Amino acid sequence: MERLISISRPIANALCSQCSKNSHNFIIQRTVHKAAREPFMSASSSNYIDEMYDQWSKDPHSVHKSWDIYFKNQMYQRPPTLGVTPPSPALTQYYQKTGFLASGQQPQQSTQLQQVADSTVLELPVASKAIADHMAVQALVRSYQMRGHKLAQLDPLGINTADLDSERPNDLTPKFYNFNLDRKFSVPPITFIGGNETELTLRELITRLENVYCRTIGLEYMYINSYEKCNWIRHRFEDPSLKKLTVNEIERSVKRLIRASKFEDYLSKKWSSEKRFGLEGCEVLIPAMKIVIDVASGKGVDTVIMGMPHRGRLNVLANVTRKPLEEIFCQFDPKLEPSDVSIDKAYIIGTGDVKYHLGTCIERVNRATNTMVKLAVVANPSHLEAVDPVVQGKTRAEQFYRGDKQGDKVMSLILHGDAAFAGQGVVYETFHLSDLPAYTTHGTVHIICNNQIGFTTDPRMARSSPYCTDVARVVNAPIFHVNADDVDAVLHVAKVAAEWRCTFKKDVVIDLVCYRRHGHNEMDEPMFTQPFMYKKIKKQTHVLDKWSQKLISEGTIKKEWYEAEQAKYQKILDDAFQNSKLPSYAKDKNWLDSPWKGFFTGKGPFPYPETGIPEDTINTILTKAHELPDGFTLHRGLKRVFDNRAKLLSERTVDWALGESLGVGSVLLDGHHVRLSGQDVERGTFSHRHHVLHDQEKDLVFHVPLNYLSSTQGHYTICNSSLSEFAALGFELGYSTTNPNSLVIWEAQFGDFVNNAQCIIDQFISSGQAKWVRQSGIALLLPHGYEGQGPEHSSARLERFLQMADEDEDFVPQLQSGKHLHHNDLSMYQLDETNWIVAHLTTPANYFHILRRQLALPFRKPLVMMSPKSLLRLEEARSSFDEMLPGTKFKRIYPEEGVANENPQEVEKIIFCSGKTYYDLVKERAQHKLESKIAIVRIEQLCPFPFDLIRDELEKYKKAKVCFAQEEHKNMGPYTYCKPRLACLLRSMNDDREADINN
């Protein structure tokens, strides 16, 4: 005898114990309902189940609850040897709905059993076929949702596919499932493709799926590990009612596309031989960005921080931020030189940059929502993706200062190129900051201007991944590929992307597949390397013409209205061109991406700041920095550390860690925000800091004592970063440019790791003020010193930072009355003129002072500090409270204070040095009893070079031979920087020792 049981899910746990003992032959399957043959003489299992079914059919309460559940939810049929039972009415209704049976037709009992290939197995053809078909339709829908993008028509030129993977899925065709296309099916619950319809023919179902997934939009989202988020995306794209734009939205977008297109046309006619990296071929980017801002603004966002490469930057400035066209046009006039920048009476003169690298910050009314929106475009060098982390840092800072903990008010929007997005590692690094608690900006909208080419490099030679966007999958960001010539599709995608970011506060990527009408720039000849592509491009109709003709033919807009809008914008361009000839528009201040309102208010002269604090404040900070909350279990090793610190406190002495705590704590007590980040900074690479204490008995319970100094203090953010230098430092730089009254510090794990962030240092930090009139007070702590840890953990490449110093080695600076109106102190003048400060310190007191000086100056300069390793615990490298009391300040040099200072005429040699080398020299001098013969001068601030103080020492020891000592190799360290400056100084003094310096 054979038992035939239709089971759609495992139910073994629901069967009673007696049934389990007698049911060893059950075959449990989800879709194919087959049963193994049961011997006729052993039919107890079948008989028992039939008895249970008879009892249940008469009274469901007469059987065990497990049987009640089973019979209610399963399509049970009697075994054939006991008579064939027709399917239940519900199942029959399903057959009729799906077209397996005609309406009113009942399945024939005589055909319920069919022999299959294996003669020992029989099956129920009606149940299995219907369920298998239903599951196949569901699989077809899922295939479109997962892989439909591989068939999408994304290339406006019709040459390539944005997907470099040549394999095309064969499960996206009905032939794969051998279906009748005119057969009706219930719309599966995993899709919204039916709209209000519950049944569709297979033909209609596939047509709708292809329209959603295989036309001009390609969707990648099924890898997201959230049913809610996947369903949200499905709903937005599959429901036909959600794709329609209102007439107002269409008209507004037409105006924006007119502006984007005509702006490029105007520039090409007026300045045909100028490089401008225009947007031709991707003009739809402008209405796409604008609709993202419209939607975000409608949901409460009032600040958008943008970063982008040079392509299309001028168009974005003109038509997204609505920067006055006069300010843009005057950049093309070679006769006009940018005037000195007047920022609230403080003067900053820069060398400038090419127009397509500049940024801006503008507040204006968003007409779609009638709300004020601040739009900032961050200046960027030619290093395309380097601006990404800078934008994120600036966005995070804006959110912090506004208390925007969920990103409801401030949002980042970053534009990319296809080759750079796939090729630049900083993209990956920045994505991995996106969900870190101390770095998240609560979602970024990324738009890739996908030209399908690099400079001259074909995508097939530029990346290994199928799409240029694949890097975004690592953070489960949905990716919306869209053909840039289908404006309606682009606008819908942009709308959904903005809604996604505001709803889920996660990243989203729009891949705007377009083309580049010219070469890499307007002067470039692309036919050298892409002849086939550019033959197509020359024949390509402009997207504005395509879309406007479509809308006019549909009757959505009128031709007269369209022509009037074109004429209106043409007049705006002409008027702006005439006004741009006025010198008043050529001001660098118009290009500030991070204006500091109310900061540059002083007239000067500015005195050198004193940065000492009262002794009561010192004791308060250092005591509270080691207090623990009740019930907190401290590591026993830290108890010894804290005991040693308490002993130093009683002796009115600080080591390096206490000096740092004192510097940070005092800035916090002044009401300023401090942010210290980097790899392992909470503890400190060398286990010296311990600003974050972890409870030894409770997981994830920690305490930051410096946040509990006073109820009126600033907030202290100290956070370990990801194992990144490029993105991590770029993030902190962006953070530092937002508010000049905060101290932002980035520490490298070891100084040599900073070379992984060299792009940020070279292109942003060292030159940011000169190029973009942008100041920053960021501080870099770079552990430096040759202490037996190998070549990779010794040098922070001090010489590189000194080589980039904006200081003339052949000129001794002097103050001139009437010229330097803001300063009567040479040291302040030098600090104001330099591009950054480079220091190599020897005492905790000076470390304390230089941290405080960063905020005490009336301007902001980056600080690059070679931080110590062995000095962290060196007893000689300690400072007294007296060196940090009111009236004290940062010392640019430490002159000789020993025996040699008392009899300078007897000194035979004066040695200049910096950093820990000083302690090595002192030790050697003592061993050889040369204290009266050798004077040692520590140069704490290498840049700006303390010419005035060094002059005093040279004049003091007139008979001494001038030497310089360092632990680095001769072509490294500060020697090559200090040597010409010492020679220049001696030359200005008419001192014969200059010859010895140059020999």
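In the predicted model, pLDDT remains under 50 throughout residues 338-349, a stretch for which 34 contacts beyond four places in sequence are nevertheless present. A second stretch in which pLDDT stays under 50 comprises residues 80-85, and for these residues the model has 11 contacts beyond four places in sequence. Over the chain, the mean pLDDT is 85, with 86% of the residues reaching 70 or more.

The chain contains 32 helices and 30 strands, and 58% of its 999 residues count as buried. Among the contacts with a separation of 6 or more, 79% are accounted for by residues that lie 24 or more positions apart. The accessible surface of the chain amounts to about 42,200 Å², and carbon and sulfur atoms contribute 49% of that area.

Helix α20 was examined in further detail. This helix consists of 15 residues (residues 636-650), for which a rise of 1.5 Å a residue gives an expected span of 21 Å, in agreement with the 21 Å that separates its end C-alpha atoms. Its buried residues are Gly-637, Leu-638, Phe-642, Arg-645, Leu-648 and Leu-649; because these residues cover an arc of only 135° around the axis, they lie on the same side of α20. The exposed residues Arg-636, Arg-640, Asp-643, Asn-644, Lys-647 and Ser-650 are carried by the face of α20 that is turned away from the buried side. The packing partners of the buried residues of α20 are the helices α19 (615-624) and α21 (656-669), together with the strands β16 (653-654) and β18 (693-694). Just after α20, a positive phi of about 60° is adopted by Arg-652.

Methods: Residues are numbered from 1 along each chain as its sequence is written. This is a predicted model: local features need pLDDT of at least 70, side-chain atom pairs count only at pLDDT 80 or more; totals for chains, interfaces and linings use all residues. Side-chain values use heavy atoms; hydrogens and water are left out. Helices (H or I, at least four residues) and strands (E, at least two) are DSSP runs, numbered from the N terminus. Buried means under 20% relative accessible area, exposed over 50%, partly exposed in between (1.4 Å probe, protein chains only). Contact means heavy atoms within 4.5 Å. Accessible areas come from the Shrake-Rupley method with a 1.4 Å probe; for residues, only the protein chains shown count as cover. pLDDT is the predictor's confidence in each residue, from 0 to 100. The expected span of a helix is 1.5 Å times one less than its number of residues. The arc is that of the directions from the helix axis to the C-beta atoms.
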